[in-house]
Every structure is written in structure tokens, then in C-alpha cells.
Protein chains: 2
Amino acid sequence: MIASGSLPAPDLGPLPDLLDLALKRGLRAAEQELLRRYEALGVRPAEASALIVLARNEGLPAVRLAAALGMKQTNLVAVLDGLERRGLVERRRLERDRRAAALCLTEAGATLAGRLEAEIEAHEAKLAGGLGPDGRYRLAGLLHRLTEAAAAE
Amino acid sequence: MIASGSLPAPDLGPLPDLLDLALKRGLRAAEQELLRRYEALGVRPAEASALIVLARNEGLPAVRLAAALGMKQTNLVAVLDGLERRGLVERRRLERDRRAAALCLTEAGATLAGRLEAEIEAHEAKLAGGLGPDGRYRLAGLLHRLTEAAAAE
DNA sequence: TATTGTTATACTCTATAACTATA
DNA sequence: TATAGTTATAGAGTATAACAATA
């Protein structure tokens with residue numbers, strides 16, 4: 001039997017023209033490009049973001065880190081567990097408020113955070129390079145207007 | 001104790017400037033706008049896409065529908081189960097190939113597919129309206145270039 | 001041997017409820 | 001009473017492995 005690849009493609013109607021689809025493709029491609037860089041350093045995206053924020057905000061409590069990353073505090077626990085187990089982050093219990101813990105990078109964590117920032121810079125440069133002069137600026141502007149339009153009403 | 005909302009926001013470094021974040025915001029906003037329209041008609045996004053494709057490709061087998069939607073065939077089963085249970089789709093076993101089933105919309109399914117296409121049209125018009133003249137065209141072009149750049153190498 | 005449809009399963013991300021110990 | 005951290009759990013989306021019936 002001939003493989004179905006040789007059959008005519010189904011008519012997808014309006015679906016291929018949806019702006020949503022172009023956004024999804026762009027985001028997936030961009031995310032995977034960055035994901036490959038993160039994976040080369042052995043971290044998941046949420047771990048990378050946590051390390052980068054902690055590198056610039058030593059002693060931040062988990063509740064504020066979660067808010068900064070747009071995560072539920074409850075879902076941050078496993079992320080911090082993994083980072084602490086690998087010796088990248090320390091939870092230091094505070095004396096003045098014994099409920100809270102100050103999240104601090106170890107030396108290894110700080111080194112890794114620096115490498116992650118370099119990867120982000122290279123990632124953004126690669127994307128911007130494909131968009132031509134002012135492309136990045138124009139894209140960001142259009143995306144902002146799109147976000148506003150979609151949320152309107 | 002004063003709520004943490006009054007504390008200075010943490011320094012997020014390069015994270016807020018990531019093009020990925022702008023893409024994510026735009027996609028989330030667009031998807032949720034469309035999701036609200038789908039929910040008003042009682043369907044999930046994958047169900048809506050399946051109905052719209054089947055409306056234009058009567059008798060399509062599941063293996064080709066899955067490929068058209070970019071889904072794994074295994075994950076399409078539950079979607080089709082739900083649509084069939086609600087009397088929107090029928091699996092008609094073929095005589096010439098008794099492994100396969102022709103997926104056909106019922107009358108109710110075809111009516112719903114038409115309504116879904118109208119919602120998609122309204123959705124796209126709302127997004128395009130927020131982007132100004134040629135905005136949609138320019139955004140699609142930039143997203144295409146971004147996708148190529150991210151996938152390069 | 002390959003293909004269609006299917007079940008079972010697992011992983012990621014996200015979300016809610018409820019507990020503990022502190023304040 | 002409210003907050004910080006945690007556990008348990010559940011949903012949606014997506015992934016692989018393996019099976020039965022059929023080609």
C-alpha cells in the first residue's frame with residue numbers, strides 16, 4: 001500500500017491562516033532554540049529563570065521568586081528542590097521571620113547563572129539577526145498591539 | 001504585616017526583554033480570546049479544529065486527520081470519542097479497508113462547524129483590527145522570518 | 001511486514017485544596 | 001487572622017510502547 005504521504009493534503013479551511021498558528025510556530029521555534037542552549041547546560045527553563053533572577057536578587061524569598069517568574073508558589077517547590085539537591089541554590093532559614101527562607105546561589109549556581117545569561121544573549125542575537133534592521137523593534141511593537149487587541153473588552 | 005505588593009520588584013535581568021516572552025504573551029492573549037469563543041459553543045480547541053477539517057474533508061480517516069492537526073493519532077482517540085458521544089461525528093467502518101473508519105460529521109456537527117468558522121473569522125478580524133493597516137501582513141512576515149531564524153543550523 | 005485504530009502509560013506544565021509553623 | 005512553605009492531587013497537552021485486526 002502506498003504511504004499516505006502521497007495523498008492530497010486535506011483542506012484545512014481557515015486554520016492555516018490563523019494568526020494564532022503563526023504565533024505558535026514562532027514561539028515553538030524560539031523556545032526550542034533556547035531550550036537546546038539550556039539543555040546543553042543541564043537545566044530546565046524554569047530552573048534557568050530561577051537562577052537568573054536569584055543571581056540579581058540574593059536572599060529573595062520563594063514567594064517573591066514565584067511571583068517574579070509568574071509561577072504558583074506550590075509549583076516552585078520541586079524546582080527549588082532540584083536546584084538545592086544539585087548544590088546550585090541554598091534555602092537559608094531567616095532568624096527574623098522563621099517561616100521564610102532566603103534563597104541564595106552557591107558559587108556553582110552563580111557561575112551557571114552567568115553562563116545562562118550569555119546563552120540568552122546569544123539566543124536573542126540569533127533571533128534579532130534573522131529579522132533585519134529594526135525587525136526586533138517592529139515585531140515587539142506589533143506583538144504588544146496584538147496582546148492589547150486580544151485582551152480588549 | 002504589609003503585603004509583599006509594596007516591596008520593590010525584583011531585578012529580572014534579561015528575562016523581561018526576551019522576545020520569547022512577548023511572543024508568549026501575544027499567543028496566550030490570542031488563544032484565550034479564541035478559547036472564549038469556543039467555550040461559548042461548548043467545544044475544546046482540538047474539537048473545534050477537528051470539526052472544521054472534517055467539514056471540508058468528509059470521510060477522512062483518523063490517521064490523516066491527526067496528521068492534518070499536528071496531533072498524535074493516539075491522542076486523537078479521546079477527542080473523537082467525545083465528539084461521537086455528543087452526536088457530532090460518526091465513525092463509519094469502511095468495507096474496502098476494514099481497518100479504517102471514515103470520519104463524517106452529523107448534521108449537528110456540520111452546523112456547529114459552520115458556527116465555529118464564523119467565530120474564527122470574528123476572532124481574526126478583532127486581532128487584525130488592533131494591528132492597523134497592513135499590520136497583520138507585517139506581523140505574519142516577521143513571525144515567518146523569526147521561525148526560520150530560530151530553526152536555522 | 002506495514003498500517004489503522006486503540007489501550008495503557010508517563011511526563012510536563014499548570015491549577016486547587018489543605019496542612020504546618022510561624023507572625 | 002494572615003503569611004511562607006509544603007504536600008497531595010488533578011487537569012490538559014503531549015509523548016512512547018505495545019496490542020488486535022486487517023492489508
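Biologist: Which residues are closest to DNA strand D?

Modeller: Keep in mind that this is a predicted model. Here 24 residues surround DNA strand D, and the closest are A62(A), V63(A), T74(A), A100(A) and R98(B).

Biologist: Which elements give two or more residues to that surface?

Modeller: From chain A you get α3 (62–69) and α4 (73–85), and from chain B α2 (45–56) and α4 (73–85). The most comes from α4(A), with 4 residues.

Biologist: And how many nonpolar, polar and charged residues does the surface near DNA strand D have?

Modeller: Sorted by class, there are 12 nonpolar, 5 polar and 7 charged residues.

Biologist: Let's turn to the two chains. How do I read a superposition of copies?

Modeller: The general idea is that two copies of a chain are related by a rotation about an axis and a shift along it. In this case, a turn of 180° and a shift of 0.0 Å along the axis lay chain A on chain B with an RMSD of 0.1 Å. The two copies are therefore related as by a two-fold rotation axis.

Biologist: Through which surface do the copies meet?

Modeller: Of the interface residues of chain A, 100% are also interface residues in chain B, so the copies meet through the same surface.

Biologist: One last residue, R25(A): where does it lie, and why is it called partly exposed?

Modeller: R25(A) sits in helix α1 (residues 19–40) of chain A. R25(A) has 17 other C-beta atoms within 10 Å; buried would take 20 or more and exposed 12 or fewer, so R25(A) counts as partly exposed. As for distance, R25(A) and L112(A) are 87 residues apart in sequence and 29 Å apart in space, C-alpha to C-alpha.

Notes
Residues are numbered from 1 along each chain as its sequence is written. Chains are lettered from A and ligands numbered from 1 in the order in which they are written. This is a predicted model: local features need pLDDT of at least 70, side-chain atom pairs count only at pLDDT 80 or more; totals for chains, interfaces and linings use all residues. A residue is near a molecule or strand if its C-beta atom, placed from the backbone, lies within 6 Å of it. Ala, Val, Leu, Ile, Met, Phe, Trp, Tyr, Cys and Pro count as nonpolar, Asp, Glu, Lys and Arg as charged, and the others, Gly among them, as polar. Copies are superposed by least squares on the C-alpha atoms of residues with pLDDT of at least 70 in both. Two residues are in contact if their C-beta atoms, placed from the backbone, lie within 7 Å.
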